[in-house]
Every structure is written in structure tokens, then in C-alpha cells.
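Reader: I would like a close look at one part of this chain, the strand that is mostly covered, and at what surrounds it. Please take me through it step by step.

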Amino acid sequence: ITESEFNNDYFVVERSSDGKTFTSIGSVKGNGTTQSQHQYAFLDKTSSNKEVYYRLAQVDKDGTVHYSYIIFLTGDGTPTLNVYPN
């Protein structure tokens, strides 16, 4: 969920098995510039690891990239993830 956005083109969801080397697994279109709250969702259907790292890359319309904190998940493989704040 974003509270507001400025010049937001899209988000890239990235995954890693070691927390160092990340690979893009998909993207979600952003809402440009807005003062309204927006909710985004992405389901990782391809991960077979029970231990995995994720991060978001938020890409501005001018190409500037901002990275989220890295999140480490471990468990039974159930695909549930909430990443915030972003």
C-alpha cells in the first residue's frame, strides 16, 4: 500500500536465494503522481525455495530506482508476503 506517489512508473519484484544476487520476477504498474492511497499485489508462483529473500525496486518515470529493505522469508512455502513501508 502506498499513501502517496511522486513520479512512480512501476515496481519490480526481485527474488534471491542468497540475499545478494537478485533477479526480477515481475513488475506492477505504478500510479504516477497521486496523493491517494493505492494497494498493489504480486504473487510469486515460481519459487520452490522455503528460504527466500525479496525486495522491491520502485522505478520513477525518469529511470531513477529506489530499493526497499530486503525481506527474508522461511516457512512451508505458503505464498504470503506483505512488504511495507515502501
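Author: What follows starts with the whole chain, goes on to one strand and its partners, and ends with two residues of another strand.

The model is a predicted one. The chain has five strands and zero helices, and from the N terminus on its elements run β-β-β-β-β. Of its 86 residues, 31% count as buried. The chain exposes about 6000 Å², and carbon and sulfur atoms supply 48% of that area. Among the contacts with a separation of 6 or more, 55% are between residues 24 or more positions apart.

The strand you ask about is E3, residues 51–60. Eight of its 10 residues are buried, so the description "mostly covered" follows from the cut-off of under 20% relative accessible area.

Now the partners of E3. Strand E1, residues 5–16, pairs with E3 in the antiparallel sense, and eight bridges join the two. One place to look is Ser 16, whose bridge partner in E3 is Tyr 53. Strand E5, residues 71–74, also runs antiparallel to E3, with four bridges between them. Here Tyr 54 stands opposite Ile 71 of E5. Strand E4, residues 65–67, is joined to E3 by three bridges, again in the antiparallel sense. In that pairing, Ala 57 has Tyr 67 of E4 as its bridge partner. E3 and E4 form a hairpin with four residues between the strands. In this hairpin Gly 63 takes a positive phi near 95°.

Within E3, Arg 55 is worth following by itself. Arg 55 lies in strand E3, and its side chain makes a polar contact of 2.5 Å with the side chain of Glu 14. Leaving aside neighbours within four places in sequence, Arg 55 is in contact with Val 12, Val 13, Glu 14, Phe 22, Tyr 67, Ser 68, Tyr 69 and Ile 70. Glu 14 is therefore on the list of contacts as well as in the polar pair, which is what a cut-off of 4.5 Å for contact would lead you to expect.

For a contrast in exposure, turn to strand E2, residues 23–34, where Gly 32 is placed. Lys 29 has its place in E2 too. Which of the two words, buried or exposed, fits Gly 32? Gly 32 is buried, because its relative accessible area is 9%, and the limit for that word is under 20%. Lys 29 counts as exposed, because its relative accessibility is 54%, and that word needs over 50%.

Both residues can be placed relative to Asn 8. The C-alpha atoms of Gly 32 and Asn 8 are 4.4 Å apart in space, although the two residues are 24 apart in sequence. For Lys 29 and Asn 8, 21 residues apart along the chain, the C-alpha separation is 8.5 Å.

The contacts of each residue complete the picture. Apart from neighbours within four places in sequence, Gly 32 is in contact with Glu 5, Phe 6, Asn 7, Asn 8 and Lys 61. Lys 29, with residues up to four places away not counted, touches Asp 9, Tyr 10, Tyr 40 and Lys 61. The side chains of Lys 29 and Asp 9 are also joined by a polar contact of 2.6 Å.

Terms used
Residues numbered from 1 in each chain as written. Predicted model: local features only at pLDDT ≥ 70, side-chain atom pairs only at ≥ 80, totals over all residues. Heavy atoms only, no water. Buried < 20%, exposed > 50% of the residue type's maximum accessible area, 1.4 Å probe, protein only. Areas by Shrake-Rupley, 256 points an atom, 1.4 Å probe, with all protein chains shown as cover. Pairing = 2+ DSSP bridges. Polar contact = N/O pair within 3.5 Å; in protein donor to acceptor, adjacent residues only side chain to side chain.
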